[in-house]
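Hello,

Here is the structure I promised to pass on to you. Have a look at it first, and then read on for what turned up in it.

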Amino acid sequence: MAKSEGGIMETVKTVVYALVIAGIFRTLFFQPFWIPSGSMKDTLLIGDFLFVNKMAYGYSRHSCPFSICPFEGRIFGSDPERGDVVVFRHPTNGTDFIKRVIGLPGDRVQMIDGVLHLNGDPVRLTDEQPFEEVVERQGPQGHMPRCGNAPVGEGGLCLKERQTEELPGGVTHSILNIEDGSRGDNTPEFTVPEGHYFVMGDNRDNSIDSRFPANIGGVGFVPAENLLGRADRVIFSSAGQRMVYFWTWRADRFFRAIE
């Protein structure tokens with residue numbers, strides 16, 4: 001009996017140690033993130049599940065793995081690069097957001113007729129095939145997609161214009177356009193302050209980002225200390241309202257690199 005009890009205790013200890021190690025690993029290195037909205041289509045879809053690389057930019061008081069962080073600013077890590085997809089803490093409401101870094105400290109950023117301008121120059125755009133998706137409820141919140149070819153009934157084919165956007169330095173990614181003349185298509189010129197970043201969603205007409213100040217529900221400039229990490233790869237993806245609905249899994253997106 002004693003031997004049996006000893007074996008059970010060893011098993012319990014092994015499980016506890018494994019959970020502790022997993023918790024430390026998650027706290028120090030990676031944070032899970034589930035995509036709740038369509039603001040980053042078609043790079044990221046509603047229901048994509050990924051791990052955020054918390055070591056990419058080091059630690060700040062927002063991402064510190066310890067209960068008390070005596071430092072200001074960031075320690076370890078490197079600076080974000082233009083084009084990185086990042087998870088950050090919203091500057092005013094504390095919610096975790098995911099967007100793409102568009103403007104670095106000192107950059108001048110402006111949208112003119114739906115075209116991104118950086119430091120006075122328009123970025124290069126190349127037309128792609130339209131982005132297609134079925135009009136149906138997406139994810140746990142049951143969001144319905146917005147369509148460039150609206151009105152489209154449920155079950156119909158939803159289309160959005162798609163282009164490749166090339167940022168200075170050669171980083172390329174797809175962006176979507178739903179309509180011309182939306183409120184984010186023309187903006188004043190923003191100068192990114194030192195220690196801050198300008199972020200945008202790839203689904204340009206369906207993203208609340210740095211084009212809009214925080215006092216009206218936008219994001220504004222994101223302080224460096226609010227960065228939680230970089231999103232590098234989709235691990236798992238489900239189009240349904242529940243992860244266990246295996247028939248809604250998107251197998252072609254498992255372990256997919258984020259560009």
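To get your bearings, where is Asp42 found? Asp42 sits in the loop between strand S1 (30-34) and S2. Please keep in mind throughout that this is a predicted model.

**Two cis peptide bonds**

Asp42 is a good place to begin, as the peptide bond leading from Lys41 to Asp42 is cis, with omega near 0°. Another cis peptide bond runs from Ala150 to Pro151, and there omega is near 5°. Pro151 belongs to the loop between S9 and S10.

**Around Ser174**

Asp42 also turns up among the contacts of Ser174. Ser174 is part of strand S11, which covers residues 172-177. Is Ser174 buried or exposed? With a relative accessible area of 16%, Ser174 is buried, since the cut-off for buried is under 20%. Leaving out residues up to four places away in sequence, Ser174 touches Asp42, Thr43, Glu128, Arg162, Gln163, Thr164 and Asp202. With Glu128 there is also a polar contact between the two side chains, at 2.8 Å.

**The disulfide**

How many disulfides does the model have? The count comes to one disulfide. Cys147 and Cys158 form it, with their sulfur atoms 2.2 Å apart. This disulfide links distant parts of the chain, eleven residues apart: Cys147 lies in the loop between strand S9 (131-134) and strand S10 (157-166), and Cys158 lies in strand S10 itself. The torsion about the S-S bond of Cys147 and Cys158 is about -120°, so the disulfide is left-handed. Both cysteines, Cys147 and Cys158, are buried.

**A four-stranded sheet**

Next, look for the open sheet made of four strands, in the order S7-S6-S5-S12, with antiparallel pairing. Strand S7 (121-122) and strand S12 (190-191) are at the edges, and each has a single partner strand, so one side of each is left without a neighbour in the sheet.

Within this sheet, strand S5 (residues 108-112) pairs with strand S6 (residues 115-118) in the antiparallel sense, over four bridges. As an example of that pairing, Val109 has Leu118 in S6 as its bridge partner.

The loops here hold two residues to look at for their backbone angles. Asp113, in the loop between S5 and S6, has a phi near 50°, a positive value in a residue other than glycine. Asn119, in the loop between S6 and S7, also has a positive phi, of about 55°, although it is not a glycine. As for accessibility, Asp113 is exposed, with a relative accessible area of 63%, while Asn119 counts as partly exposed at 32%.

**Strand S15 and its partners**

Which strands does S15 pair with? Among its partners is strand S2 (residues 48-53), which pairs with strand S15 (residues 227-237) in the antiparallel sense over five bridges. Strand S3 (residues 85-89) is joined to S15 by three bridges, and these two strands run antiparallel as well. Strand S16 (residues 256-257) pairs with S15 over two bridges, again in the antiparallel sense.

Arg230 of S15 is a handy residue to follow here. It is the bridge partner of Asn53, and Val86 also stands opposite Arg230. Further along, Arg233 has Ala257 in S16 as its bridge partner.

**Val219 and its surroundings**

Last comes Val219, in the loop between strand S13 (196-200) and strand S14 (222-223). Val219 is buried, with a relative accessible area of 1%. Which residues is Val219 in contact with, leaving aside its neighbours within four places in sequence? They are Phe88, His90, Pro91, Phe97, Val199, Ile208, Asp209, Ser210, Phe212, Pro213 and Ala214. Val199 is 20 residues from Val219 in sequence, and the C-alpha to C-alpha distance between the two is 8.3 Å.

Enjoy exploring it!

Best wishes

How values were computed: Residues are numbered from 1 along each chain as its sequence is written. This is a predicted model: local features need pLDDT of at least 70, side-chain atom pairs count only at pLDDT 80 or more; totals for chains, interfaces and linings use all residues. Side-chain values use heavy atoms; hydrogens and water are left out. Two strands pair if DSSP finds at least two bridges between them. Buried means under 20% relative accessible area, exposed over 50%, partly exposed in between (1.4 Å probe, protein chains only). A polar contact is a pair of N or O atoms within 3.5 Å; within protein, one must be able to donate a hydrogen and the other to accept it, and residues adjacent in sequence count only if both atoms are side-chain atoms. Contact means heavy atoms within 4.5 Å. A disulfide is a pair of cysteine sulfur atoms within 2.5 Å.
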